[in-house]
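Trainee: Could you give me a close look at one part of this model, the pairing of charged side chains? I'd like to see the wider picture too.

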Amino acid sequence: MLSNLPITNPTLIFFVVLLVILLSPVIMGKLRIPHIIGLVLFGVLIGPSGVGLLDRDASFEMFGRVGLYYIMFLAALEMDTEGMRSSWRRMTIFGLLTFTIPFVLTLFMGMNMLHYTPVASLFLCCIMSANTLISYPIVTRFGLQRKTSVVLSVGSSMLSLLLALVTMAAVTNSYAGGGGASFWLVFAGKFVLFCAALIFIVPRITRRFIRNYSDAVMQFIFMLAILFLSAYFSEEIGLEGISGAFLAGLVLNRYIPRVSPLMNRLEFTGNAIFIPYFLIGVGMLINIRLLFAGGDILWTVFLIVLFGTLGKALAAYLSARLFRLSRLAGHMMFGLTSAHAAGAIAIVMVGMRLTDAGGVPYIGDDMLNGVVIMILVTCVISGLVTQGAAEDITLKEQELPKDDPGSAADEKILIPVRYPEYATRLVSLAIMMRNAKLRRPLVALNLVYDDTNTAANYERGVKLLDKVSKYAAASDVPIETQVRVAENIANGIKHAFREFRASEIIIGAHMHKERSGSFWGDFHQSLFNGLNHQIILANLVQPLNMLQRIIVAVPSRAQFEPGFYRWIERLCRLKENIECRLTFHAREDTLELIRGYILNRHALLRPDYIEMEHWSAFPALASTIGYDDLFVVVAARQGTVSFKNAQDKLPEEMTKSFSGQNFLIIFPDQHGAAPDEMTFAQPQHKESKSAYEWLREFISKRLPHKK
């Protein structure tokens, strides 16, 4: 049996890899060790220096490179670009520190303790000053991608990698006799052209493609094509492909919402196949037997690991102290920036091709062996520290009070759907507005008139809800569905609302408009008057990830409505999931409360606030809305505190200006029950006064009493 090793049959090779990917989390979980370390260790075990079960053939080279690109691509896709823009100074400082400190310490150690040549020492400095985000999948599993410490770590990793690659190119060309001014001018020109193409050409192509092709598979393939094309051109200009993969992720970040089916497919493919393949391939590079070859290799590995890790630790904890971050943030920054992987091997191999005048390589096998063993040690350190920091951060967050006025525990969104071309967009809007931590299911409802075509319409409803269910499942969002027969559609929605104990409704502006000539129609008017819960009327003419701005018009006294914080919370979640600008137009007293809520709950959003003193400014504001904008109007029911007579003209204004544009009209929660709700046993709000009683009490408390 052993004579047939290593396995050469492609089917068996893939089976063994899948078996390792399957067993690693199980075994490592019992040992309480991060499973990414298990993948590296299994790679050592089954690789050429282990039992020799598999050889590191071309498949590991190809899939391993794809996996490394995937890690950087996903890290960029999941970055909080708003936070990155606001933290670019801190990111730059951390990047310079995490490059410079290990570089200086390693240079001292290489020349004075290992007695390497200046060339070999400089290459070793490049290796130890850069790092690979090998433990980033741990961060993803805990959902901490947008933490400040993680954003700083990812950004600084790319900066330190760029500086290491530029330094390596300078050393290589200097000793090869090609490091003059012409080389740097050509390199800078190619780099500027590459970045310009990514920034100005790729977004235009992406927007056009997403608008014209909604097929999930085609969008997935398109994103991967951009990823690998960017990685290829990055290599062509003299950088590593992972730089191009990261930059491609940054450019595509705003077009791939975090909770979209496309993002779910990209993460699943990477985490299931490509990234584990890369980690196993890293393990197969490591020859553990070298540790028993003699004292020199142990001394070399000890010094490389000690000084490299010490440099990364000093940079991480010093930066955390400078930025006034917590101790746990420092642990996370150190864990993410301390690992070295295949990129280190690539730099060593480049250095080994450099020879002196006598043809002797500047870098010998001892450094190669030391770096290979160092990869294993730093991967273990990185995985353990990141896992511990992620667990502690998660536990600390769970201890925080949950007194969020905008995300009540009864959150459950009802989505009446009718037309297939609009159904998935409504569900996408609900997915982006829901509280993912509650894991409450969405409710998709299709209503069928009780007439002669009931049976045929019922079957069409079942097919539509099946499509909606698949769309939600692709985003890993639970959903309940129901086809309901009703003589009155509005009443059917209200009955379903109570049966499912929903908290709010998202409904299309197109629903049953053909049965009425007015904008609202009898159907919408009956629904608004019959429910005192939040109703969002949506008209979405293009995918949400194409939006450039969200512009919100808020009436005066909107803060006195009980649903004030609920709709703010929903818009904040929508903004967090799509990278666009958010602007509130309202009176100053209303803006102050909106600003205070967002600073406390969503401090990284940084929306714009523009004073709109009177509702009469609404038409002028509406005229500024573009095709790529989402116009949000916070409306009010008649008889409520924030209702104005001018809002009676809202249907005509919306019909005139927005028939072919994106808009939301929000009717917030109200106190008490609507007339149609009186006959149902419904859980009431804590305060069940009518709007008139509430307003009279509010005025009486603030006006001076006559003596």
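**Charged pairs and their surroundings**

Mentor: Let's start wide: of the 707 residues in the protein chain, 54% are buried (buried is under 20% relative accessible area, exposed is over 50%, and partly exposed is in between, using a 1.4 Å probe on protein chains only). Keep in mind that this is a predicted model, where local features need pLDDT of at least 70 and side-chain atom pairs count only at pLDDT 80 or more, while totals for chains, interfaces and linings use all residues. Residues are numbered from 1 along each chain as its sequence is written, and side-chain values use heavy atoms, with hydrogens and water left out.

The chain has 25 helices and ten strands (DSSP runs numbered from the N terminus: helices are H or I with at least four residues, strands are E with at least two). Among contacts with a separation of 6 or more, 80% join residues 24 or more positions apart (contact means heavy atoms within 4.5 Å).

Now for the part you asked about. Side chains of opposite charge can pair when their charged atoms come close. The rule used here for a salt bridge is a side-chain nitrogen of Lys or Arg within 4 Å of a carboxyl oxygen of Asp or Glu, and it gives 18 of them.

Take Arg-65, in helix 3 (residues 58-77). Its side chain forms a salt bridge with Glu-61, at 3.7 Å from N to O. Why can these two reach each other? They sit four residues apart in that helix, which puts about one helical turn between Arg-65 and Glu-61. An α-helix has 3.6 residues a turn, so residues three or four places apart point the same way. Both are partly exposed: Glu-61 has 39% relative accessibility and Arg-65 has 41%.

Arg-65 has another partner, Glu-235, at 3.3 Å from N to O. Glu-235 belongs to helix 10 (residues 216-236) and Arg-65 to helix 3, so this pair ties together parts that are 170 residues apart in sequence. Glu-235 is partly exposed too, at 30%.

Another pair to look at is Lys-470 with Asp-466, whose salt bridge comes in at 3.5 Å from N to O. Both residues lie in helix 18 (residues 454-474), four residues apart, or about one turn. Lys-470 is exposed at 57% relative accessibility, whereas Asp-466 is partly exposed at 40%. Elsewhere, shared partners link Glu-411, Glu-504, Arg-566, Glu-569, Arg-570, Arg-573 and Asp-669 into one salt-bridge network.

For contrast, look at Thr-206 in helix 9 (residues 181-212). Thr-206 is buried, with a relative accessible area of 0%. Apart from neighbours within four places in sequence, Thr-206 is in contact with Phe-222, Met-223, Leu-252 and Tyr-255.

One last stop is the strands. Strand 7 (residues 581-586) and strand 8 (residues 608-611) pair in the parallel sense over four bridges (two strands pair if DSSP finds at least two bridges between them). One of the bridge partners in strand 8 is Glu-611, matched with Ala-586.
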